[in-house]
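Take a look at the strands first, then at the side chains. Short steps will do.

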Amino acid sequence: MVRLMSLNVERSGHLDRFVPFVRQFAPDVLCLQELMESDVPAIIAGTGISQSHFAAMARNSDRPGETPFGVGIISHAAMENPRTEAYA
């Protein structure tokens with residue numbers, strides 16, 4: 001059985017609560033929305049889930065210098081040829 005968790009992380013607002021929550025449920029695959037690209041390394045380190053793919057969706061024009069945010073998949077299993085493709 002594969003444990004799948006999908007969460008909206010609301011950018012970097014509460015990583016201090018988010019990472020322990022993920023560790024508690026120990027998912028095999030973690031699907032994240034409103035993920036800040038700069039938070040991916042901390043989430044990988046904090047959860048022990050090693051494979052990741054990030055797809056940028058937008059940049060905050062009202063927050064200069066902030067990294068893009070988007071969606072991500074973090075998985076214990078290797079991902080073969082992950083890529084991002086626009087549908088529009």
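Ser6 faces Cys31 of strand 2 as its opposite residue. The model is predicted, so read each contact below as a feature of that prediction. The Ser6 position belongs to a wider pairing. Strand 1 covers residues 4-8 and strand 2 covers residues 29-36. The two run parallel, and five bridges join them.

How do strand 1 and strand 2 connect? Helix 1, residues 15-25, completes the unit with them. Strand 1, helix 1 and strand 2 form a β-α-β unit, and its hand is right-handed.

Now move across strand 2. Strand 2 also pairs with strand 4, residues 69-75. Here the sense is antiparallel, with six bridges. Leu35 marks one point along this pairing: Gly70 of strand 4 stands opposite. Strand 2 thus has a parallel partner in strand 1 and an antiparallel partner in strand 4.

In general, side chains in a regular strand alternate between the two faces of the sheet.

Turn next to the side chains. Phe69 offers its ring to a charge: the charged end of Arg11 sits over that ring. The distance to the ring centre is 4.1 Å. As for ring-to-ring contacts, the structure holds one aromatic pair.

Which residues form the salt bridge? Arg83 pairs with Glu85. Their closest N and O atoms are 2.3 Å apart. A salt bridge needs a nitrogen within 4 Å of a carboxyl oxygen, and a search of the whole structure finds one. Are Arg83 and Glu85 buried or exposed? Both are exposed.

Notes
Residues numbered from 1 in each chain as written. Predicted model: local features only at pLDDT ≥ 70, side-chain atom pairs only at ≥ 80, totals over all residues. Heavy atoms only, no water. Pairing = 2+ DSSP bridges. Helix = DSSP H or I, 4+ residues; strand = E, 2+ residues; numbered from the N terminus. Right-handed = clockwise from strand over helix to strand, strands pointing away. Phe/Tyr/Trp six-rings, centres within 6.5 Å; stacked < 30°, edge-to-face > 60°. Lys NZ or Arg CZ within 6 Å of the ring centre and 35° of its normal. Salt bridge = Lys/Arg side-chain N within 4 Å of Asp/Glu carboxyl O. Buried < 20%, exposed > 50% of the residue type's maximum accessible area, 1.4 Å probe, protein only.
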